Amino acid sequence: MALAATTEVVLGSISFGIFWIMAVFPAVPFLPIGRTAGSLLGALLMVIFHVISPEQAYSSIDMPILSLLFGTMVVSIYLEKAHMFKYLSQLLSWKSKGGRDLLCRICIISAFSSALFTNDTTCIVLTEFVLKLAKQNNLPPKPFLLALASSANIGSTTTPIGNPQNLVIAVQSKISFGKFLMGILPAMIVGIFINTTILLCMFWKSLSSMKDEEEAVDEAVVDGEVVFHKFSPARMSHHSNQNSQVEVGGDEGEKNNIQLSVVRETTLMVGADVEKQLSRKALFLKGCVYLVTIGMLTALLIGLNMSWTAITAALALIVIDFRDAGPCLDKVSYSLLIFFCGMFITVEGFNKTGIPSVFWNFMEPHARINHASGMAVLSLVILLLSNLASNVPTVLLLGVQVAKSAAAISSATVPRAWLILAWVSTVAGNLSLLGSAANLIVCEQARRSQLYGYTLSFWSHLVFGLPSTLIITAVGLPLINC
């Protein structure tokens, strides 16, 4: 595809540039409107400047991706209600043997959770708990925050529902859930091992100081987010009053006390029955949430339509819950869905300018995946673009071009090309603090925490992120197959 008219190229580039600034720096002083409004502004400018028509803008919005994203968000909300993430948090601290053991657990649990519930959700839920564990054990929070964010990104590469760019790739490539999983799983396992090893080497000494186990348990009780209470039955302490009433009122007083005792015991029994019924209902709903989630994952593995499977699972959970779904649906990140709509339109407009095609035509002869040097060039291009333009726009811009280049070699290499794009664009998020939303979530939640506040700087992240990203990307590429 050749370049469009000069006017379209200039105006389309300006629109995309505004979108990029808002996506990477959402709080710039001259226009602090945030990512979502920034993506809508970029989309609107593409239409106003006649880079694309309104009809083309509407048709560029990918409803299967939005449906899959919405469905997985609703399922994650019900899993949180069913205490899934609470149990994951408890696994982190259960019989922990020190800072190094804790770091390894965070890497493994973060990777596993991200593959099933998205990397952003994992980081939102676990950041506060990781900070708390670090403080209780008198350990620096930095290695654990880096472990949480980086492992979440690496783990999310494994499945189409692990992160937004994988959703885009799975829908556009039509690779089944099972093939996607098996194609990247070996690279992910090795990547987590390398990531954990790098963290242990960098922070070996700082992970050695640890409080006594009893002191840590005491603090957990005081701070009280993950606190366990032993049930102790209520004791009736009216015996002395009963004796005094017998002495004062004789048989009549004793009769009144007996009646009061019967009423109290009846009330306690009714309360216990109601509590038992409520606990049974909660246990039933919790079991249903887990069964529906397992059913959704099974349906995805056998190759059913991913978008409709996620929507069906979400609606099944809403019906089973049997109450107004408003409070749960209010927790859905609609701003993210709107951001995607604006991004689809903006990227489609930028593609119409012809700039991505001209760039790819220049790079394509040097970036073919049938030899090692070509794969290295392709990976570097994806790494740089993912950190400059963010990973989802990079996938939207390069996905079709990379697939066409692979098809020119052999049709059998096309699925592998898509999986390489998924692997590199996601692992690229670990390069810098701005590389992925998961990094920013961990950074912001740690900074805003009232009890355990910690600031993770851009440069301190880069010192770890640069070597980790390059090594893991390079080692994982030969292991990807489909």
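**Exercise 1.** In this predicted model, find which residues of H19 meet which residues of H20, and describe how the two helices are arranged.

*Solution.*
Step 1. Locate the helices: H19 covers residues 391-409 and H20 covers residues 414-427.
Step 2. List the contacts. On the H19 side are Asn391, Val395, Gly399, Val400, Val402, Ala403, Ala406 and Ala407; on the H20 side are Val414, Ala417, Trp418, Leu421 and Ser425.
Step 3. Sort these residues by class: 10 are nonpolar, three are polar and none is charged.
Step 4. Take the geometry. The two axes come within 9 Å and cross at roughly 155°. Angles over 145 degrees count as roughly antiparallel, so H19 and H20 are roughly antiparallel to each other.
Step 5. Add the handedness: the crossing of H19 past H20 is right-handed.

**Exercise 2.** Decide whether Thr196 is buried or exposed, and state what Thr196 is in contact with beyond its neighbours within four places in sequence.

*Solution.*
Step 1. Place the residue: Thr196 lies in helix H10, which spans residues 177-202.
Step 2. Compare with the cut-off. Buried means under 20% relative accessible area; Thr196 has 10%, and therefore is buried.
Step 3. Leave out the neighbours within four places; the contacts of Thr196 are then Leu103, Cys104 and Cys107.

**Exercise 3.** Describe the chain as a whole: its helices and strands, its buried share and its accessible surface.

*Solution.*
Step 1. Count the elements: there are 22 helices and zero strands.
Step 2. Take the burial: 50% of the 482 residues count as buried.
Step 3. Take the surface: about 23,500 Å² is accessible, with 66% of this belonging to carbon and sulfur atoms.
Step 4. Consider the contacts with a separation of 6 or more: residues 24 or more positions apart account for 78% of them.

Conventions:
Residues are numbered from 1 along each chain as its sequence is written. This is a predicted model: local features need pLDDT of at least 70, side-chain atom pairs count only at pLDDT 80 or more; totals for chains, interfaces and linings use all residues. Side-chain values use heavy atoms; hydrogens and water are left out. Helices (H or I, at least four residues) and strands (E, at least two) are DSSP runs, numbered from the N terminus. Buried means under 20% relative accessible area, exposed over 50%, partly exposed in between (1.4 Å probe, protein chains only). Contact means heavy atoms within 4.5 Å. Accessible areas come from the Shrake-Rupley method with a 1.4 Å probe; for residues, only the protein chains shown count as cover. Axes are lines fitted to C-alpha atoms, for helices over the stretch in contact, and angles run from 0 to 180 degrees between N-to-C directions. Angles under 35 degrees count as roughly parallel, over 145 as roughly antiparallel, 65 to 115 as roughly perpendicular and the rest as oblique. A crossing is left-handed if the near helix is turned anticlockwise from the far one by less than a right angle, and right-handed if clockwise. Ala, Val, Leu, Ile, Met, Phe, Trp, Tyr, Cys and Pro count as nonpolar, Asp, Glu, Lys and Arg as charged, and the others, Gly among them, as polar.
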